[in-house]
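The exercises below ask the reader to work through the internal spaces, the helix packing and the backbone of one protein, and each task is followed by a worked solution.

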Amino acid sequence: MTIRHQGQQYRPRMAFLQKIEALVKDMQNPETGVRMQSQRVLVTSVPHAMTGSDVLQWIVQRLWISNLEAQNLGTFIVRYGYIYPLQDPKNLILKPDGSLYRFQTPYFWPTQQWPAEDTDYAIYLAKRNIKKKGILEEYEKENYNFLNQKMNYKWDFVIMQAKEQYRAGKERNKADRYALDCQEKAYWLVHRCPPGMDNVLDYGLDRVTNPNEVKVNQLSFSCLCTLAAVE
C-alpha cells in the first residue's frame, strides 16, 4: 500500500492562489511595489499602468529568482487574471518589455469564486455585439448564438442589460472606458477561454496537483516550486 502525504506530494490550488494573491498585494504597495503611472495607449492616457519589464524586475528582486523563473511566474499571474494586458488583451502572457498592464480589481480574483454565469456572459457578448456592430470573433459568435437559443426565454432582458451597460460605459471618460474594456475581456478570457487556449480553471480551484505525474502542468509546477522556495 502506498501512503501519500498531502503536504509532500500534493498542493491544493486554492492554497497556491492565496500565495499568489499575497505576492500581488505586495506588488501594489505604493512604496515598495511595482512602479505605476499614467501611460499612453493609442490616443488615450491610462492611469495606474505598468510595463511588463517593471513587473518582471520587481519579481526578480523580490523573490531573488532568475529572469526565466520570474517570467514563468509573471505569466502565471496574468493567465489567472490578476494582471491584465492593455495593448494585446487576447494574449495572456507577461511580455518582458514595454508592454502595458494593469492590476485586476480583487473583486474578480479567482479565489472570490464568483460563478461565471451564462447570463453575465451573454450580456457581455451582447454588449460587444452592439459595440462592434455585429463583428465578433468566430468563437464569440458561436457562443452568442448558442446562448441566444439556450436563453431565448429571457433574451430581451439580456439585450436590455447590454444596452444599459453600453450606455453607462459611454458616459465614462475615454481612459476609464478603455481600461474597463480590457479588464472585462481579460476576465472572460480566463473564465470562458476561446478554443486552443489552456483553461487554467478547467478542474476548479480545489483541484489537487501531483508533481510526480508525467502530465503535470510544467508552468504551474515551476511557479509552485518558486513560491515554496522563498517561504
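**Exercise 1.** How much space lies in the second largest cavity?

*Solution.* The model is a predicted one, and a search of the whole of it finds three cavities of 30 Å³ or more. The second largest cavity among them holds about 40 Å³ of space.

**Exercise 2.** Determine which residues and which elements line the second largest cavity, and describe the chemical character of that lining.

*Solution.* Begin with the residues themselves: the lining is made up of Tyr 121, Tyr 124, Tyr 139, Glu 140, Lys 185, Trp 188, Leu 189 and Arg 192. Next, assign these to elements, which shows that α5 (118-131), α6 (138-150) and α8 (174-191) each supply at least two residues of the lining, with the largest share, three residues, coming from α8. Finally, sort the lining by residue class, which gives five nonpolar residues, no polar ones and three charged ones.

**Exercise 3.** Characterise the largest pocket by its volume, its lining and its position relative to the two domains.

*Solution.* The volume of the largest pocket is about 1,100 Å³. Of the 38 residues that line this pocket, Tyr 124, Lys 127, Leu 180, Asp 181 and Glu 184 are the closest to its centre. The elements that contribute two or more residues to the lining are α5, α7 (155-170) and α8, and of these α8 gives the most, with 11 residues. Sorting the lining of the largest pocket by class yields 19 nonpolar, four polar and 15 charged residues. As for position, domain 1 (15-110) and domain 2 (115-198) both give residues to the lining, and the largest pocket therefore lies between them. A comparison with the preceding exercise shows that Tyr 124 is listed in the lining of the second largest cavity and also among the residues closest to the centre of the largest pocket.

**Exercise 4.** At what angle does α5 pack against α7, and at what angle does α5 cross α6?

*Solution.* Take α7 as the partner to begin with: α5 and α7 pack at an angle of about 60°, with their axes 8 Å apart. Because of that angle, α5 is oblique to α7, and the crossing of this pair is right-handed. Turning to α6, the axes of α5 and α6 come within 10 Å and cross at roughly 125°. Because of this angle, α5 is likewise classed as oblique to α6, but here the crossing is left-handed.

**Exercise 5.** Why are α2 and α3 described as roughly perpendicular to each other?

*Solution.* First locate the two helices, α2 at residues 13-27 and α3 at residues 52-63, and then note that their axes come within 11 Å and cross at roughly 110°. Since angles of 65 to 115 degrees count as roughly perpendicular, α2 and α3 are therefore given that description. The handedness is a separate property, and α2 passes α3 in a right-handed crossing.

**Exercise 6.** Where do His 48 and Trp 64, each with a positive phi, lie in the structure?

*Solution.* For His 48, phi is near 60°, which is a positive value in a residue other than glycine, and His 48 belongs to strand β3 (residues 44-51). For Trp 64, phi is near 55°, again a positive value in a residue other than glycine, but Trp 64 is found in the loop between α3 and α4 (67-79).

Key. Residues are numbered from 1 along each chain as its sequence is written. This is a predicted model: local features need pLDDT of at least 70, side-chain atom pairs count only at pLDDT 80 or more; totals for chains, interfaces and linings use all residues. Side-chain values use heavy atoms; hydrogens and water are left out. On a 1 Å grid over the protein atoms alone, a cavity is a set of points where a 1.4 Å probe fits but cannot get out, and a pocket is an open set with protein on both sides within 12 Å along at least five of seven lines; lining residues have an atom within 4 Å of a point. Grid points are joined across faces, edges and corners, and a volume is the space filled by probe spheres set on the points. Helices (H or I, at least four residues) and strands (E, at least two) are DSSP runs, numbered from the N terminus. Ala, Val, Leu, Ile, Met, Phe, Trp, Tyr, Cys and Pro count as nonpolar, Asp, Glu, Lys and Arg as charged, and the others, Gly among them, as polar. Domain bounds come from an automatic or database domain assignment. Axes are lines fitted to C-alpha atoms, for helices over the stretch in contact, and angles run from 0 to 180 degrees between N-to-C directions. Angles under 35 degrees count as roughly parallel, over 145 as roughly antiparallel, 65 to 115 as roughly perpendicular and the rest as oblique. A crossing is left-handed if the near helix is turned anticlockwise from the far one by less than a right angle, and right-handed if clockwise.
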